[in-house]
Amino acid sequence: MTRTVYVLNGPNLNLLGKRQPEIYGRDTLEDVAAECKRVAAEFGLESDLRQSNYEGQIVDWIHEAREKAAGIIINPAALTHTSVAVLDALHTFEGPVLEVHISNVHKRESFRHHSYVSLRAEGVIAGFGVEGYALAMRRMGSLLK
Ligand code: CA2
């Protein structure tokens with residue numbers, strides 16, 4: 001039985017820590033990956049963080065997770081608000097799914113208030129900055145106990 005958690009990140013999150021620090025903070029995705037690994041280890045889990053700017057790649061990684069991951073933490077970025085394809089892929093995955101947003105999407109434009117992915121997620125974290133990933137990993141640790 002796999003103990004790996006996929007931490008999937010959607011479009012533009014490769015720029016984390018490099019642009020718009022007033023919204024997304026100064027930590028990079030490499031910092032987030034290291035923190036996820038540290039927290040995952042506390043629960044005997046492995047963290048595998050990935051980022052893509054392509055919807056189809058995110059869908060393919062979710063399919064891969066069906067065999068290779070025990071749970072998925074996902075920040076789908078803009079795909080949150082647009083992608084039935086990502087939602088459908090997540091419906092094929094049997095383990096827990098947690099949705100993370102760095103910013104408080106509910107304090108932003110109204111088009112960010114709706115999430116397709118929330119229809120599948122066990123839980124949603126928004127507005128805790130990049131700390132949201134570590135919180136989600138802790139919750140994943142509880143869910144996979
Ligand atoms: O708050 C979040 O985590 C979002 O998922 C981020 C998405 C946005 O479309 C969602 O509504 C909320 C945008 C990701 C863009 O990431 C950047 C990071 C640093 C600099 C520029 C963009």
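1. Let's start with the nonpolar interior of this predicted model. The largest nonpolar core has 24 residues, and those with the most contacts inside it are Val 5, Val 7, Leu 16, Val 32, Ile 73, Tyr 133 and Met 137. Four elements give two or more residues each to this core: the strands β1 (4-9) and β4 (97-101), and the helices α2 (29-42) and α5 (131-143). Another core lies apart from it, with 18 residues, including Ile 62, Ile 74, Leu 79 and Phe 93.

2. Tyr 133 is a good residue to click on next. Leaving aside neighbours within four places in sequence, Tyr 133 is in contact with Val 7, Asn 9, Leu 13, Val 32, Cys 36, Ile 73, Asn 75, Val 100 and Ile 102. Two of these partners, Val 32 and Ile 73, are also listed among the residues with the most contacts inside the core.

3. A word on the aromatic rings: the count of aromatic pairs comes to zero. What you can find is Arg 50 lying over the face of Tyr 6, at 4.4 Å from the ring centre.

4. Now to the ligand. There are 17 residues around it, of which Asn 75, His 81, Ile 102, Ser 103 and Arg 112 come nearest. His 81 places a polar side-chain atom 2.7 Å from a ligand oxygen, and Arg 112 has a polar side-chain atom 2.9 Å from an oxygen atom of the ligand. With Ile 102 the backbone takes part: one of its polar backbone atoms is 2.7 Å from a ligand oxygen.

5. Asn 75 deserves its own look. This residue sits in strand β3 (residues 71-75), and it counts as buried because its relative accessibility is 3%, under the 20% cut-off. Its side chain reaches the backbone nitrogen of Ala 77 at 3.0 Å. Beyond its neighbours within four places in sequence, Asn 75 is in contact with Leu 8, Asn 9, Gly 10, Leu 13, Val 100, His 101, Ile 102 and Tyr 133.

6. Finally, please check two backbone angles. Most residues other than glycine have a negative phi. Ala 77, however, has a positive phi of about 55°; this residue lies in the loop between β3 and α4 (84-91) and is buried, with a relative accessible area of 16%. Asn 12 also has a positive phi, of about 80°, and is found in the loop between β1 and α1 (21-24). Is Asn 12 buried or exposed? Asn 12 counts as exposed, because its relative accessibility is 52% and the cut-off is over 50%.

How values were computed
Residues are numbered from 1 along each chain as its sequence is written. This is a predicted model: local features need pLDDT of at least 70, side-chain atom pairs count only at pLDDT 80 or more; totals for chains, interfaces and linings use all residues. Side-chain values use heavy atoms; hydrogens and water are left out. A nonpolar core is a set of buried Ala, Val, Leu, Ile, Met, Phe, Trp, Tyr and Cys residues joined through side-chain atoms within 4.5 Å. Buried means under 20% relative accessible area, exposed over 50%, partly exposed in between (1.4 Å probe, protein chains only). Contact means heavy atoms within 4.5 Å. Rings of Phe, Tyr and Trp (its six-membered ring) pair if their centres lie within 6.5 Å; planes under 30 degrees apart count as stacked, over 60 as edge-to-face and the rest as tilted. A charge sits over a ring if NZ of Lys or CZ of Arg is within 6 Å of the ring centre and within 35 degrees of the ring normal. A residue is near a molecule or strand if one of its heavy atoms lies within 4 Å of it. A polar contact is a pair of N or O atoms within 3.5 Å; within protein, one must be able to donate a hydrogen and the other to accept it, and residues adjacent in sequence count only if both atoms are side-chain atoms.
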